Amino acid sequence: MFKRENQLNNMENINLGGTPKTPSVNFNCENGVIELKGRSIPENSVEFYKPLNNWIEKYGENPQKTTVFEVKLEYFNTSSSKCLLDIFKILESINGTATEVKVKWYFEKDDGDMQEAGEDYQALIPLPFIMIEVEEI
Amino acid sequence: MSLNSIYELYQTMERDHAMVSFKGEVTADLLNSVLQIMESKLGILEKSTRTRKKVYNVLVECLQNLYHHNDGIGSFREQSFSDIYLPKTSILIISNPDDYYEVKTGNFVSLTKVKQLEEKIENINNLNRLQLRELYKSILFKGEMSQKGTAGLGLIDIARKSGNKLEYSFLPIDENFSFFCLNVKIN
C-alpha cells in the first residue's frame, strides 16, 4: 500500500548525511516523518533549504494521515532560523483534513537557548509542538 | 616591521589570552577553518556544554557578519602620499582572558550605513532579555530574507546568546569609511 501511495505521489524520500555546517535530512513520504538532525550554520541557508521546502510542498499534495516534523538540532544560525520558519509555515498550510501535523522539538538538557528557540516557533506557528529534552542530540 | 615587534605582538596576544587571531578577508574557507579550530579548542578548554555552544554560536554569527557585510572596497589616501587599497579586510580575535570569552571583530563600514547600524545596536543594548526575545520573534516572523541569505537577526542573536551588552565603536577613516569595532563578551 505504501508503495502505491508513493507512486501516486511520484516522490522520492530525501536522505542526506550531515556535514559540519548542514544537518542530516531524512524526509520520508511513506511514513510521514521528516527529520532534521545536527547543526545548521551555512552562510546562505536558502540554497540548502529550498529543495527541502519544495519536497514538503509536493508531499502536502498527497500526505500521510499524520506528519511528524522531528527537529533535532544542536544549533542553527540566524540565516537558518528564517528557513526553519518557512518550513513551519508550509507545514501549517498542509495541516488540516488530509494530514495532521505535529512538531517534535528536541533540545539537550541545560540548553536553554535551543529550548527558547523552540518556544519562539511554537508562539509563532499554530501547530502542536512537543518539547523533548534529551541528554544528547 | 622590526623583528622585535614580532615578540611584542606575541606578548600582546599572550596577555590577552588570544585563542585565534586573524586579519584578512573572511572567505567561506577561512570561516570554516576558524570554526573548526575553535570547535576543537573549546572541546578541550571548556567543560560547560552550554558555554561552548554559546561561544560557538556567537562566533558563527560574528564570522558570518564579516563574511556578508564588509564594505571595505575602494581606496583611500594616507598622508596624501599613496593610495591604500582597502580590500574586504577584517580583524577577528577570539580570546579567553579569564572565566569568560571575548569575540572581537573589526571591519570597514561605509559611512552611509553607520547611523543605521549604530541605532540598531543602541536599540538592542536598551532592551532587556525578554524584550530582545520579542524583537527577535517579530523580525523573524515579519522580516524578509535578503538575497545574500541574511535575515537581519545576527546582532540580536549575538546579544541574546551572550547575555551582555554589545560594546562597539566607529572610528572615522576617511570621507567614505568608518572602522566598526565590536566586542562581544560571553560568560
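Contact here means heavy atoms within 4.5 Å. On that basis, in this predicted model, helix α3(B) lies across β4, β5 and β7 (177-186) of chain B and runs at about 10° to β5(B).

**The sheet of chain B**

The strands under α3(B) belong to an open sheet of five strands, ordered β1-β4-β5-β7-β6 (chain B), with antiparallel pairing. The edges are taken by β1 (18-25) and β6 (167-172) of chain B; each has a single partner strand, so one side of each is left without a neighbour in the sheet. From one strand to the next, the twist averages 10°. The antiparallel pair of β1(B) and β4(B) (residues 89-95) is joined by seven bridges, and within β4(B), Ser90(B) is the residue opposite Gly24(B).

**The sheet of chain A**

In chain A, six strands make an open sheet of mixed pairing, in the order β1-β2-β3-β4-β5-β6. Here β1 (14-16) and β6 of chain A are the edge strands, and since each has a single partner strand, one side of each is left without a neighbour in the sheet. The twist averages 15° from one strand to the next.

Strands β3 (residues 33-40) and β4 (residues 66-76) of chain A run parallel and are joined by eight bridges; Ile34(A) stands opposite Phe69(A) of β4(A). Strands β5 (residues 100-108) and β6 (residues 129-134) of chain A are also paired in the parallel sense, over six bridges. Lys104(A) has Ile130(A) of β6(A) as its bridge partner. Together with α4(A), β5(A) and β6(A) make a right-handed β-α-β unit.

**Helices across the sheets**

| Helix | Strands crossed | Angle |
|---|---|---|
| α2(A) (residues 45-59) | β1, β2 (24-28), β3 and β4 of chain A | about 15° to β2(A) |
| α3(B) (residues 49-68) | β3, β4 and β5 of chain A | about 85° to β4(A) |
| α2(B) (residues 28-45) | β1, β4 and β5 (101-110) of chain B | about 175° to β1(B) |

Helix α3(B) thus lies across strands of chain A as well as strands of chain B.

**Helix packing between the chains**

Helix α4 (residues 112-124) of chain A packs with helix α5 (residues 129-142) of chain B at an angle of about 55°, their axes 11 Å apart. The two helices, α4(A) and α5(B), are therefore oblique to each other, and their crossing is right-handed. On the α4(A) side, Glu116(A), Glu119(A), Asp120(A), Tyr121(A), Ala123(A) and Leu124(A) take part; they meet Arg129(B), Arg133(B), Tyr136(B), Lys137(B), Leu140(B) and Phe141(B) of α5(B). Six residues of this contact are nonpolar, six are charged and none is polar.

Notes:
Residues are numbered from 1 along each chain as its sequence is written. Chains are lettered from A and ligands numbered from 1 in the order in which they are written. This is a predicted model: local features need pLDDT of at least 70, side-chain atom pairs count only at pLDDT 80 or more; totals for chains, interfaces and linings use all residues. Side-chain values use heavy atoms; hydrogens and water are left out. Axes are lines fitted to C-alpha atoms, for helices over the stretch in contact, and angles run from 0 to 180 degrees between N-to-C directions. Helices (H or I, at least four residues) and strands (E, at least two) are DSSP runs, numbered from the N terminus. Angles under 35 degrees count as roughly parallel, over 145 as roughly antiparallel, 65 to 115 as roughly perpendicular and the rest as oblique. A crossing is left-handed if the near helix is turned anticlockwise from the far one by less than a right angle, and right-handed if clockwise. Ala, Val, Leu, Ile, Met, Phe, Trp, Tyr, Cys and Pro count as nonpolar, Asp, Glu, Lys and Arg as charged, and the others, Gly among them, as polar. Two strands pair if DSSP finds at least two bridges between them. A crossover is right-handed if, with the strands pointing away from the viewer, the path from the first strand over the helix to the second runs clockwise.
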